[in-house]
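Thanks for coming, everyone. I'll walk you through one structure today, starting from a single residue and working outwards. Here it is on the screen.

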Amino acid sequence: MEEKTNTLPLTALSEGISALKEAENIRFIYNDDELIVADALRDIPDFRTYKMAFNVIAQCRRGEAQFELGNEAINFYAGQIFISHSHVTIGRIMVSPDFDGSVICISDQLLKTILQAQLGIWNRALYQRHYLIFEHEEQTEGRDEVDEMVIENFRRSTSPFKQDILVCLLRVACLMICERIMNQEHTETYKVKGARMDVLFQRFLENLSRRKVKKVSVAEYASELCITPKYLSTICRKVSGKSPVEWISEYVIQDITFYLLTTDLSAKEIATKMGFPNSSFFGKYVREHLGLSPTAYRQAKKSE
């Protein structure tokens, strides 16, 4: 494995899709403020650690890649498709010398337009697990599904409606992914447990992921949805099997690790930024969830 040199400002990807347009060593097939389609990622830059501002569909054609998603180490091999939702932390990217792949980055708003009624399938799977990895299925022509369905068809198109065609191709590809999500799990998992519950759960996680200060009471999140804290707890447990407090803690830890690994902010400054009452409480919280003090965790990760 060969670690690459960073070619983007540390904050570039946390500021949104448009920041990627300034990146070097990425060959864009299409890019605007809501969508990026990039091919031939043979010299993928190491973005260190950052918070993604978009949903990602990536395909590894050759070689392999390693990276961290939150605190989880991910191995990404040839023939696999990686999918993640927005607002997760990714870093420590390393790729093999023979790596080659493609990536599609989609804003939340465009994804809603593309998936429409099927958005719940995508969100339910990805907000709960943060990412999915599939082995690619070959089409009749023998091409990889993402390449053939989106990139190759778009590249070959000479239509004056090329942009509209791209969105249609993305809808087909995303629906195929939703179908695979349903087929991978027990079908009954995706039967409607109550349309209102499903929608409210998705809105809770969207509100949670977008908040700068996430460690607030369950009552505050419930208030944003105009429901009671008890009902929010019922929704979370029935839809995901986890309580609102567990979800809040998971996303708070993601933010903590992001600040510890990508900034020089002191524990006190991070505690203030994240809404903790004091640095002592912050330190105790980090030790409970990460097993080390903030300083020790930062030093341990940087020495790896």
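Start with S86. Its relative accessibility is 0%, so S86 counts as buried. Keep in mind that this is a predicted model. Where does S86 sit? It is in the loop between strand 8 and strand 9, and strand 9 covers 89–95. Now its surroundings. Neighbours within four places in sequence aside, S86 is in contact with M52, A53, F54, N55 and D108. One of these, D108, also makes a polar contact with S86, side chain to side chain, at 2.8 Å.

Next, the sheet. It is open, it has six strands, and the pairing is antiparallel. The order is 2-3-10-5-8-11. Which strands stand at the edges? Strand 2, residues 27–31, and strand 11, residues 131–135. Each has a single partner strand, so one side of each is left without a neighbour in the sheet. On average, neighbouring strands here are turned by 15° against each other, direction ignored.

A word of background. Strands of a sheet pair through backbone hydrogen bonds, either parallel or antiparallel.

Let's zoom in on one pair. Strand 5, residues 55–62, and strand 8, residues 80–84, run antiparallel and are joined by five bridges. C60 has Q80 in strand 8 as its bridge partner. C60 is also buried, because its relative accessibility is 0%.

Now the helices on this sheet. Helix 1, residues 108–115, lies across strand 3, strand 5 and strand 10. Against strand 10, helix 1 runs at about 90°. Helix 4, residues 162–184, packs on the sheet too. What does helix 4 touch? Strand 2, strand 3, strand 5, strand 8, strand 10 and strand 11. Its direction makes about 90° with that of strand 11.

Stay with helix 4. It has 23 residues and reaches 33 Å from first C-alpha to last. That is close to the 33 Å expected at 1.5 Å a residue. Several of its residues are buried, among them L166, L169, L170, A173 and I177. R180 is on the buried list as well. Why might buried positions recur along a helix? An α-helix has 3.6 residues a turn, so residues three or four places apart point the same way.

Two cysteines of helix 4, C174 and C178, are also buried. For C178, the relative accessible area is 2%. How many disulfides are there in the whole structure? A search finds zero. C178 is in no disulfide, and the nearest cysteine sulfur, that of C174, is 6.9 Å away.

Back to strands, for another set. Strand 6, residues 64–69, and strand 7, residues 72–77, run antiparallel, with six bridges joining them. They form a hairpin with two residues between the strands. There, G70 takes a positive phi near 65°. Strand 6 also has four bridges to strand 9, again antiparallel. Q66 shows both pairings. Its bridge partner in strand 7 is N75, and it stands opposite M94 in strand 9.

One last stop: N207, in helix 5, residues 195–210. Buried, partly exposed or exposed? At 25% relative accessibility, N207 counts as partly exposed. Sequence neighbours within four places aside, N207 is in contact with E224 and L225. N207 and L225 are 18 residues apart along the chain, and their C-alpha atoms are separated by 9.3 Å.

That's the tour. Questions are welcome.

Definitions and conventions:
Residues are numbered from 1 along each chain as its sequence is written. This is a predicted model: local features need pLDDT of at least 70, side-chain atom pairs count only at pLDDT 80 or more; totals for chains, interfaces and linings use all residues. Side-chain values use heavy atoms; hydrogens and water are left out. Two strands pair if DSSP finds at least two bridges between them. Axes are lines fitted to C-alpha atoms, for helices over the stretch in contact, and angles run from 0 to 180 degrees between N-to-C directions. Contact means heavy atoms within 4.5 Å. Buried means under 20% relative accessible area, exposed over 50%, partly exposed in between (1.4 Å probe, protein chains only). A polar contact is a pair of N or O atoms within 3.5 Å; within protein, one must be able to donate a hydrogen and the other to accept it, and residues adjacent in sequence count only if both atoms are side-chain atoms. A disulfide is a pair of cysteine sulfur atoms within 2.5 Å. The expected span of a helix is 1.5 Å times one less than its number of residues.
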